[in-house]
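Reader: Could you take me through the charged side chains in this one, slowly and with the details? I'd like a close look at how they pair up, and then a few words on some odd spots elsewhere.

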Amino acid sequence: MLDQSSLAVYRYAVSHPGWTVSDASEALGLTTRSLQKAIAQLTERCLLVPAGGDLAGYTAVSPDVALAELVDPDERALLDLRSRIGAKRRELAGLIPTFAAASRQASTDSAVEVLEDPDRVMRVLIEYARSASECVLMSRPGPGANADTQEESVQKDIDLLRQGVQRRTLYHASIRDHVPTRRAVEAVTAAGGEFRTLSHMPLRTVIFDGKVAVIPRGSTPDDRAGLVIRDPNLVQIFVRMFDFAWELGEPFLAEEPQSNQLTSTQRSILRALAAGNPDDVIARRLGISVRTCRRHIAKMLEDLGAESRFQAGIKAHRAGWI
């Protein structure tokens, strides 16, 4: 950005052809040092050029001509860079079919692949989801994801459905009252997805087009490795297991049970209470607030006519609630 002195010198140079530094100093009231600084700024921007010949002053240059002088070399360099990038892109793009074919062959040759890195497991899941063309079957035990994760997952599911890919997901029954999950299920169901719940969940599984299954290895409680199964016979076993569990499941968005029955969340709370878990642990596992958890407990105590949680557990067992 030009300072005020430089602007004043430029205006003077435009309106006084053949000017000299001493002329400008007297007319503008600027010191020689200030003038030299302004001239340096203007010269750097190609707005002043030496007059040439025997003249000691400077000639003013119009801004559009100065801009061309400044920008043209950069534009030429940019065009050259774009040309080189385009050539490299075309060269490497020609290798994509070769890489894809080799990858598919390697995948076919490996019946069961162990992925130790959880990030790599996630990348494999994303890759297979993008390439799915028929159906994606998912069995998801455990707590529900947060609202941000659900929002991203919803968009991916809807994109798959729009491409004609069938989408079926099986959740644990305790997740039905988890608000972020329920909202995600409502959105994907409206787009054609299907969701059911089970009180006892099979193994966490994702099956793509009936050809590839991804499951956790689970050799220890902290094991985060995944198994990618491509053997057709093994994959079909997982497909049949999923179909069997699916037939036993209840629609996720089914009507709420009658007042004399328990919701899935209440059953889960009762089982957790019977196991001696405190309220905060139960709430965290079910993805609900501690306040909501305690409200459920109070309601069940009232329905059972119990004076303590221990007594409620006994009465719930006798009533066949758990």
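Author: Let's start with the term itself: a salt bridge here is a side-chain nitrogen of Lys or Arg within 4 Å of a carboxyl oxygen of Asp or Glu. With that in hand, take Asp 223 and Arg 217, whose side chains meet in a salt bridge at 2.8 Å, N to O. Keep in mind that this is a predicted model.

The two partners sit in unlike surroundings. Asp 223 has a relative accessible area of 15%, so it counts as buried, the cut-off being under 20%. Arg 217, at 32%, is partly exposed.

Now for a pair that reaches across the chain. Arg 294 and Asp 279 join their side chains in a salt bridge, with 3.0 Å from N to O. This one links distant parts of the chain: Arg 294 belongs to helix 12 (residues 290–304) and Asp 279 to helix 11 (residues 279–286), with their positions 15 residues apart. Asp 279 is buried, its relative accessible area being 10%, whereas Arg 294 is partly exposed at 47%.

There's also a small network to look at: Glu 113, Arg 120 and Arg 230 are joined into one by salt bridges that share partners.

Next up is Asp 243, which meets Arg 168 side chain to side chain in a salt bridge of 3.1 Å, N to O. Here a helix and a strand are tied together, since Asp 243 is in helix 9 (residues 232–248) and Arg 168 is in strand 5 (residues 166–172); the pair is 75 residues apart and links distant parts of the chain. In this pair the arginine is the buried partner: Arg 168 has a relative accessible area of 13%. Asp 243 counts as partly exposed, with 31% relative accessibility.

If you want the full tally, the structure holds 11 salt bridges. The general idea behind them is simple: side chains of opposite charge can pair when their charged atoms come close.

Not every charge is matched up like that. Glu 69, Asp 72, Asp 74 and Glu 75 gather on the surface in a patch of negative charge, and residues in such a patch have no salt bridge. One of them, Asp 74, lies in helix 4 (residues 63–93). Asp 74 has a relative accessible area of 55%, so it counts as exposed, for which the cut-off is over 50%.

On to the spots elsewhere, beginning with strand 7. Thr 205 is located in that strand (residues 205–208) and counts as buried, with 7% relative accessibility. A polar atom of the Thr 205 side chain lies 2.8 Å from the backbone oxygen of Leu 203.

Follow the chain past that strand and you get to Asp 209, in the loop between strand 7 and strand 8 (212–216). Its backbone is worth a look: phi of Asp 209 is near 55°, a positive value in a residue other than glycine. Asp 209 is also buried, at a relative accessible area of 13%.

Cys 46 has a positive phi too, near 65°, and again the residue is not a glycine. You'll find Cys 46 in the loop between helix 3 (32–44) and strand 1 (48–50). Cys 46 is partly exposed, with a relative accessible area of 23%, whereas Asp 209 is buried.

Terms used:
Residues are numbered from 1 along each chain as its sequence is written. This is a predicted model: local features need pLDDT of at least 70, side-chain atom pairs count only at pLDDT 80 or more; totals for chains, interfaces and linings use all residues. Side-chain values use heavy atoms; hydrogens and water are left out. Helices (H or I, at least four residues) and strands (E, at least two) are DSSP runs, numbered from the N terminus. Buried means under 20% relative accessible area, exposed over 50%, partly exposed in between (1.4 Å probe, protein chains only). Patches are made of residues with over 30% relative accessible area and no salt bridge: like charges are joined within 9 Å, nonpolar side chains (Val, Leu, Ile, Met, Phe, Trp, Tyr) within 5 Å. Accessible areas come from the Shrake-Rupley method with a 1.4 Å probe; for residues, only the protein chains shown count as cover. Lys and Arg count as positive and Asp and Glu as negative; His and the chain ends are not counted. The place of a charge is taken as NZ of Lys, CZ of Arg, CG of Asp or CD of Glu. A polar contact is a pair of N or O atoms within 3.5 Å; within protein, one must be able to donate a hydrogen and the other to accept it, and residues adjacent in sequence count only if both atoms are side-chain atoms.
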